[in-house]
Amino acid sequence: MNVEANKVVSFHYVVSDGGDEPVDSSRERGEPLTVLIGHGNIIPGLEKALLGRAVGDHFEVVVQPAEAYGERRANFTQRVPKKYFEHPEHLRPGMSTVLNTREAGPRMVVVHKVGSSVIDVDLNHPLAGKTLTFDVEITDMRDASEEEIAHRHAHGAGGHEH
């Protein structure tokens, strides 16, 4: 069986952006990432690299910004009332956090300035503009259920529970 649309695939990954330390690693968390393929649940460049692969495949892929988190946009900042952040009292300039938006859902942002009632954030994803290198090992794969396809994401272990 090969990776294709409507397969639920589990894989370990280590991602780096050219720095000394990895940016993220499923191995450090001790649990592979599980995704439904073909529904935009991971960055496009990584999903394309998974297509046609099989359980046990171990490979490296380089993903350019356009196929990852996009190019950085200059002056892509916004002033947001503190009430829209969880625990705004802990936020400091340079920290990454999640901002829940009505239009786009959760969005990673970087704090620029913390005021008394508002926080200025950079709306670029922290990895925007970066070329990412993934070390990937596919650990499991199965056909998606009709419910998973309807919901557009994996359910169960490593996926999303309802």
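How many bridges join strand 6 to strand 7, and which way do the two run? I started my notes there. I counted six bridges between strand 6 and strand 7 (residues 105-114), and the two run antiparallel. Worth keeping in mind throughout: this is a predicted model.

**Entry 1: the sheet**

I picked out one bridge pair by name: Asn100 has Pro106 in strand 7 as its bridge partner. Then I traced the sheet these strands belong to. It is an open sheet of four strands, ordered 5-8-7-6, with antiparallel pairing. Strand 5 and strand 6 are the edges, each pairing on one side only. From one strand to the next, the twist averages 50°. Reminder to self: strands of a sheet pair through backbone hydrogen bonds, either parallel or antiparallel.

**Entry 2: salt bridges**

Next I went through the charged pairs. Side chains of opposite charge can pair when their charged atoms come close. The structure has eight salt bridges, and I wrote up three of them.

I looked up Glu137 with Arg27 to begin with; their side chains meet in a salt bridge at 2.3 Å, N to O. Why does this one interest me? Glu137 sits in strand 9 (residues 132-143) and Arg27 in helix 1 (residues 26-29), so the pair ties together parts 110 residues apart in sequence. Glu137 is partly exposed, at 25% relative accessible area. Arg27 also comes out as partly exposed, at 40%.

Then I checked Glu67, which forms a salt bridge with Lys48, with 2.9 Å between the closest N and O atoms. Glu67 is in the loop between strand 4 (58-63) and strand 5 (77-81), while Lys48 is in helix 2 (residues 44-50), so this pair ties together parts 19 residues apart in sequence. My accessibility notes here: Glu67 is partly exposed with a relative accessible area of 27%, and Lys48 is exposed at 52%.

The last pair I looked up was Arg72 with Asp122, whose closest N and O atoms are 2.5 Å apart in a salt bridge. Arg72 is in the loop between strand 4 and strand 5, and Asp122 is in strand 8 (residues 118-122), so the pair ties together parts 50 residues apart in sequence. Is Asp122 buried or exposed? I get 7% relative accessibility for Asp122, so it counts as buried, the cut-off being under 20%. Arg72, at 45%, counts as partly exposed.

**Entry 3: the largest pocket**

I moved on to pockets. The largest holds about 310 Å³ of space. It has 17 lining residues, and those closest to the centre are Leu33, Ile42, Ile43, Tyr69 and Phe134. Strand 1 (7-16), helix 2 and strand 9 are the elements giving two or more residues to this lining. Strand 1 gives the most, with three residues. By class I noted 14 nonpolar, two polar and one charged residues in the lining of the largest pocket.

**Entry 4: the second largest pocket**

The second largest pocket has a volume of about 260 Å³. Its lining includes Gln78, Val80, Tyr84, Asn100, Arg102, Glu103, Arg107 and Leu123. I had already met Asn100 as the bridge partner of Pro106. Strand 5 and strand 6 (96-101) are the elements that give two or more residues to this lining; I had them down above as the edge strands of the sheet. The class split for the second largest pocket is six nonpolar, three polar and three charged.

How values were computed:
Residues are numbered from 1 along each chain as its sequence is written. This is a predicted model: local features need pLDDT of at least 70, side-chain atom pairs count only at pLDDT 80 or more; totals for chains, interfaces and linings use all residues. Side-chain values use heavy atoms; hydrogens and water are left out. A salt bridge is a side-chain nitrogen of Lys or Arg within 4 Å of a carboxyl oxygen of Asp or Glu. Buried means under 20% relative accessible area, exposed over 50%, partly exposed in between (1.4 Å probe, protein chains only). On a 1 Å grid over the protein atoms alone, a cavity is a set of points where a 1.4 Å probe fits but cannot get out, and a pocket is an open set with protein on both sides within 12 Å along at least five of seven lines; lining residues have an atom within 4 Å of a point. Grid points are joined across faces, edges and corners, and a volume is the space filled by probe spheres set on the points. Ala, Val, Leu, Ile, Met, Phe, Trp, Tyr, Cys and Pro count as nonpolar, Asp, Glu, Lys and Arg as charged, and the others, Gly among them, as polar. Two strands pair if DSSP finds at least two bridges between them. Axes are lines fitted to C-alpha atoms, for helices over the stretch in contact, and angles run from 0 to 180 degrees between N-to-C directions.
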